[in-house]
Amino acid sequence: MIRILVDSSSDYCQEEIREKGLVFVPIQIELAGKEYLDGIDLDKNSFFEMLEESGEFPLTSQPSPQVFLDIFQEIKEQGDDLICILLSSHLSGTYQTAQLARQMADCEDHIFLIDSRAATYNIKVMADYALELVREGLSAAEIAEKLEKFKSRVKVVAMIDTLEYLRRGGRIGKAAAAVGDMARLKPVITVTKEGEIGVVAKALGKNKAINAILKWVGEHPLDESFPAYSLYSYGTENSEIFEERLFKEGIRFAERLQIGATIGTHIGPGAFGLVYVEKEQNS
């Protein structure tokens, strides 16, 4: 049997985790003096509410090697194969921790680790693709090989509504954040091929930010044989405006999905965007 593991940065809800039979590993989050397991005892809306009220920057901790070791040993004992699709190694040490646990479990032939070079619903798209390949009867090694090629085609592009949370995380200074917000500066971001956060554009206002997103999508056209998803962090007003533009441009998406704590920590409320699979370059 082939199982698929994701960490909580994938932003799957627990109902979908159960329905699809995924193995789930939560990332730990410390906020307002308390520790939470992302996706288990901290839901997305509660996280953003606390983020706004506390004025603090949350601390995230990757799962311990023991968490992965316990799972890997169970997989080994059952004689199953496991494909782990994990948060970008440039954003967290989760992938490296899983590598260590796999060495400790001595089961390299049955545990396949994928550095997603991404986060949030990029990982969901990859995991759903992996589940489809399982149903098609491919081996774990074949699926892992296809995922390594597929992951660079999974794209996300989004607008940040406020610079406050980049300031809290030390990414920009207090003065720069204040000036940027006064000027209505709306950064448009993506995840690079290296798995880092990259800036696509610095737009003045939401309308220009939406134009920048649509321009970027035009340069990286959708493969309509895979589902696309509209994304939002907290509050749907901005995403509803964005979706109206998507509709006018003939861009279809399967549903609207809420971004969770791992990326929400840095982008704050009011963000919106799109995740999808890019057409193959030779198609």
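Q: Where is T120 found?
A: T120 sits in the loop between β7 and α5 (121-135). Keep in mind that this is a predicted model.

Q: What makes T120 count as buried or exposed?
A: The relative accessible area of T120 is 6%. Buried means under 20%, so T120 is buried.

Q: What is the phi of T120?
A: About 45°, a positive value, although T120 is not a glycine.

Q: Which residue other than glycine has a phi near 55°?
A: That's D106, again with a positive value. D106 lies in the loop between α4 (94-105) and β7 (111-115).

Q: Why is D106 called exposed?
A: D106 has a relative accessible area of 55%. Exposed means over 50%, so D106 makes the cut.

Q: How many disulfides does a search of the whole structure find?
A: Zero.

Q: Why is there no bond between the sulfurs of C84 and C107?
A: The closest cysteine sulfur to that of C84 is the one in C107, and the gap is 9.1 Å. A disulfide needs the two sulfur atoms within 2.5 Å, so this pair is too far apart for a bond. Looking from the other side, C107 has the sulfur of C84 as its nearest cysteine sulfur, and C107 is in no disulfide.

Q: How do you know whether C84 and C107 are buried or exposed?
A: C84 has a relative accessible area of 0%, and C107 comes in at 3%. The limit for buried is under 20%, so C84 is buried and C107 is buried.

Q: How many salt bridges does the structure hold?
A: It holds 13.

Q: Why is the contact between E16 and K20 called a salt bridge?
A: The closest N and O atoms of E16 and K20 are 2.6 Å apart. The cut-off is a Lys or Arg side-chain nitrogen within 4 Å of an Asp or Glu carboxyl oxygen, so the pair qualifies. Both residues lie in helix α1 (residues 14-20), four residues apart, which is about one turn of the helix.

Q: What makes E16 and K20 fall into their accessibility classes?
A: E16 has a relative accessible area of 17%, and buried means under 20%, so E16 is buried. K20 is at 30%, and partly exposed runs between the 20% and 50% limits, so K20 is partly exposed.

Q: Which residues are linked with E16 and K20 in a network of salt bridges?
A: K124 and D128 are linked with them.

Q: What makes K215 and E219 a salt bridge?
A: Their side chains meet at 2.7 Å, N to O. The limit is within 4 Å, so the contact counts. K215 and E219 both lie in helix α9 (residues 206-219), four residues apart, about one turn of the helix.

Q: How do you know which classes K215 and E219 belong to?
A: K215 has 54% relative accessibility and exposed means over 50%, so K215 is exposed. E219 has 46%, which falls between the 20% and 50% limits, so E219 is partly exposed.

Q: How do you know that K155 and E278 form a salt bridge?
A: The N to O distance is 3.6 Å. Set against the limit of within 4 Å, that counts as a salt bridge. K155 lies in strand β8 (residues 154-159) and E278 in the segment after β13 (272-277), so the pair ties together parts that are 123 residues apart in sequence. K155 is buried, and so is E278.

Q: Which residues gather in a patch of negative charge on the surface?
A: D43, E49, E52 and E53 do. E49 is found in helix α2 (residues 44-54).

Q: Why can E49 belong to a patch?
A: Patch residues need over 30% relative accessible area and no salt bridge. E49 has 33%, so its area passes. That value also makes E49 partly exposed.

Q: What makes I114 buried?
A: I114, found in strand β7, has 1% relative accessibility. The limit is under 20%, so I114 is buried. The C-alpha atoms of I114 and D43 are separated by 26 Å, with their positions 71 residues apart along the chain.

Q: Why is P221 called partly exposed?
A: P221 has a relative accessible area of 35%, between the 20% and 50% limits, so partly exposed is the label. P221 has its place in the loop between α9 and β11 (229-232).

Methods. Residues are numbered from 1 along each chain as its sequence is written. This is a predicted model: local features need pLDDT of at least 70, side-chain atom pairs count only at pLDDT 80 or more; totals for chains, interfaces and linings use all residues. Side-chain values use heavy atoms; hydrogens and water are left out. Patches are made of residues with over 30% relative accessible area and no salt bridge: like charges are joined within 9 Å, nonpolar side chains (Val, Leu, Ile, Met, Phe, Trp, Tyr) within 5 Å. Accessible areas come from the Shrake-Rupley method with a 1.4 Å probe; for residues, only the protein chains shown count as cover. Lys and Arg count as positive and Asp and Glu as negative; His and the chain ends are not counted. The place of a charge is taken as NZ of Lys, CZ of Arg, CG of Asp or CD of Glu. Helices (H or I, at least four residues) and strands (E, at least two) are DSSP runs, numbered from the N terminus. Buried means under 20% relative accessible area, exposed over 50%, partly exposed in between (1.4 Å probe, protein chains only).
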